[in-house]
Structure formats: C-alpha cells, structure tokens
Amino acid sequence: MMLPARLTSQVILNTWRRRHHGTCYSNLPSLSSNYLNNQKKNVSTHHQENSPPSSLLSPPTRLDATRKRLFSLSAAGIVNSAPAPMQPYLRLMRLDKPIGTWLLYLPCTWSIGLAADPGCLPHLGMLTLFGTGALLMRGAGCTINDMWDKDFDKKVARTATRPIAAGEITQMQALVFLGGQLSLALGVLLCLNYYSIALGAASLSLVVTYPLMKRITYWPQLVLGLTFNWGALLGWSAVIGSCEWSVCLPLYFSGVMWTLIYDTIYAHQDKDDDIRVGVKSTALRFQEQTKPWLSGFMVAMMSGLIVAGVNAEQTLPYYATLSTVAIHLTHQIYTLDINKPEDCWKKFVSNRNLGLLLFLGIVCGNLWKERRDTSLQND
C-alpha cells in the first residue's frame, strides 16, 4: 500500500509544480514535510521577485509626467497635442519650431521701439499685431519653400519628414492652406495705415521668390535678409505713418547683415547635403573663410545700429546694450565650429536672445530720454 501512495504523492507534486512554475522536472524528491515547507518558501520568493514594483501599485507618477508633457505650452507640445489631422499643417508652417518666427518678428520690435515717443514704452497693440503677422507670414514662407523644394527635401534626411515631402499633404492642399495664411496676414496688414499697407504689400515678391534663390546664386541668405527684415521699415511706418529713412534704412541694413550671420551659420549644417542635391548657400561660398566673412558682417551690423541710434537720438542704455550685442556676436563667431552641426544649431538659436537683448536696450534707451529731458529742465 505504500508504493501506490508514494506514486500518488509524486503525481500530485508534479501537477502542483506545473501549475506554479510552468515547468515539469524529473527526479522529484520524495514528498516530506520539510520539502513542502521549502517549496512554499520558494514559491513565496518566486512571487515576490516577479510581482510588480510598488511604484506601479502607487499613483502612476510616470503617467502623470507624460500627461504634464502633453499639456505643455511649448511649441512642440502644442503641435503634438493638436488633433491628428491638423498636425501636418502645423508642422508645415513650422509652429513646432518657433525660432524662425522670432527672427522675423524681432526686427519689427526694434523698429516699433525706436518709433515710440520719448520716455514711453513701445506700442503694445502694434507689438501684438506684428507678432501675429510674423507667425502667419513665417508660416506662409515655409509653405512656399516646401512647395518649391519638395523634390530636394526628399533627398535630405533632415527634411525628408516634412509634410509635403513625406506625402502627408498634397501640393493642392498646401496651396489652399497657403491661401488661408496669406488671407489672414492680409487681414493683419489692413489694420495698419495706408502707407504701411503699400509698404507691406511690396515685400510679397521677396517672400515668393526667396526659395528659388538657392538654385541661382550662392547668396540666398542675402535675399532672406532682405525678406526677413522688412519689418524694420514697416514697424516704424505703422507707428508714425511714414518712414524716417535716416533711422529705418540703417536699421534695415543692420538686420540684413545679422541675417547673413545667423543663416550662414545655419547653412553649415546642411552643406554636405546641399552639395549632393545641387543647391547653393553662403556656407558653400565662404567655406573655411566663413569666420572672416561673419566678422565683416558683424562690423557692418554694429555700424548700422550706431547710425540708427544716433539719428533716433538714443541714449546711454542703448549704446551699452550695443556693446553687449557686439560681445555676444564676437563669442558666437569665435567659438563657432562650422564642421559640427550641433554647434551650428546652438549658435543659430542663440540669436533669438541677441535680438531680445537689443530690443530691451532700445526700450531702456527710450525711457532714459525722459530722465535726461527732465534733468535738463531742472538745470
């Protein structure tokens, strides 16, 4: 009677181990109280080792962090949180990469700031209006650029995912979207005086033809500068009703030189692809002589800003800020590594802070005028 009992206990143990471990073992030991106790301890340890971490049983902190990122107010976060059908259009207008909008908007702020009455802050309504216009016109420019460059973009890894090149948006859909952006931008322009409306409309030819320049000349960055800094003329005319050319032209010239600096740096990221695809840029034109060229553009930019400041009767804070801007540009050019795309990108985006710094200097210089005038009256 003992043999069947032992066999029965082995069958029971074998079944029990298959259920708890999922594996059938041979040469099972005899069933004893010590052995069963050891098996219970092993099973308990096995379940503890394979049980989920306590962090998963507690409130989901990782999920909360993900939700926070989804509701982020960053440009990329806004695009990623938008409805899926809208996202290709938002990426087409580069809403997820706002640096271009900043670089288009900042010359407008300089001009609006210089046009403010002595001792007064810049016109807030104009700053808001031009900010909206910069967002729309930068988006329209990117749409035009991608429509022209669809075939080029497909051949470059960095641009192959752009919505038109990737096939997310057709040329016709992009054209309709472009019409919507330009219509909204026209609505913004019509809020200005007649002089500014005519002046703003004159820039449209530059917006449309700029993307073609890289096929024709090694100086497309110059054409971009002429396009991107039109706000240096338009901001003053929107506030005053006409342009004071002794201020606006030097300011415009400085903005063009600034664009040649930052966009040449930007172009060095893509120079290998540009050679392969067959497009031109100042990065390919200057090559190893880039830094001397950029230094020359910096001198020209600073000279124009000094002339604009003198003619606008700017004060000490403005010129102190120009010194800081010159130091920033010198460091930017001196430390630039044209053969490292990540360094080129870092230097490129730092120009937003440079533009904001110059705007701050203009505002403080204008507010200083009241203090100077008051002290003269007291004397």
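Biologist: Hi! Is helix 14 mostly covered or mostly open?
Modeller: Mostly covered: in this predicted model, helix 14 (residues 220–228) has seven of its nine residues buried. Buried means under 20% relative accessible area, exposed over 50%, and partly exposed in between (1.4 Å probe, protein chains only).

Biologist: Which residues of helix 14 are buried?
Modeller: They are Pro220, Gln221, Val223, Leu224, Gly225, Thr227 and Phe228.

Biologist: And what do the buried residues of helix 14 pack against?
Modeller: Five helices are listed here: helix 7 (99–115), helix 12 (204–209), helix 13 (213–216), helix 16 (245–267) and helix 18 (282–286). Contact means heavy atoms within 4.5 Å.

Biologist: Changing topic, how many helices and strands are in the chain?
Modeller: The chain has 22 helices and zero strands. Both are DSSP runs numbered from the N terminus, helices being H or I with at least four residues and strands E with at least two.

Biologist: How much of the chain is buried?
Modeller: Of its 379 residues, 44% are buried.

Biologist: What about contacts across the sequence?
Modeller: Among contacts in the chain with a separation of 6 or more, 70% join residues 24 or more positions apart.

Biologist: Where is tryptophan 148, and is it buried or exposed?
Modeller: Tryptophan 148 sits in helix 8 (residues 124–148), and it is partly exposed, with a relative accessible area of 41%.

Biologist: Anything I should know about the numbering and cut-offs?
Modeller: Residues are numbered from 1 along each chain as its sequence is written, and side-chain values use heavy atoms, leaving out hydrogens and water. Local features need pLDDT of at least 70 and side-chain atom pairs count only at pLDDT 80 or more, while totals for chains, interfaces and linings use all residues.
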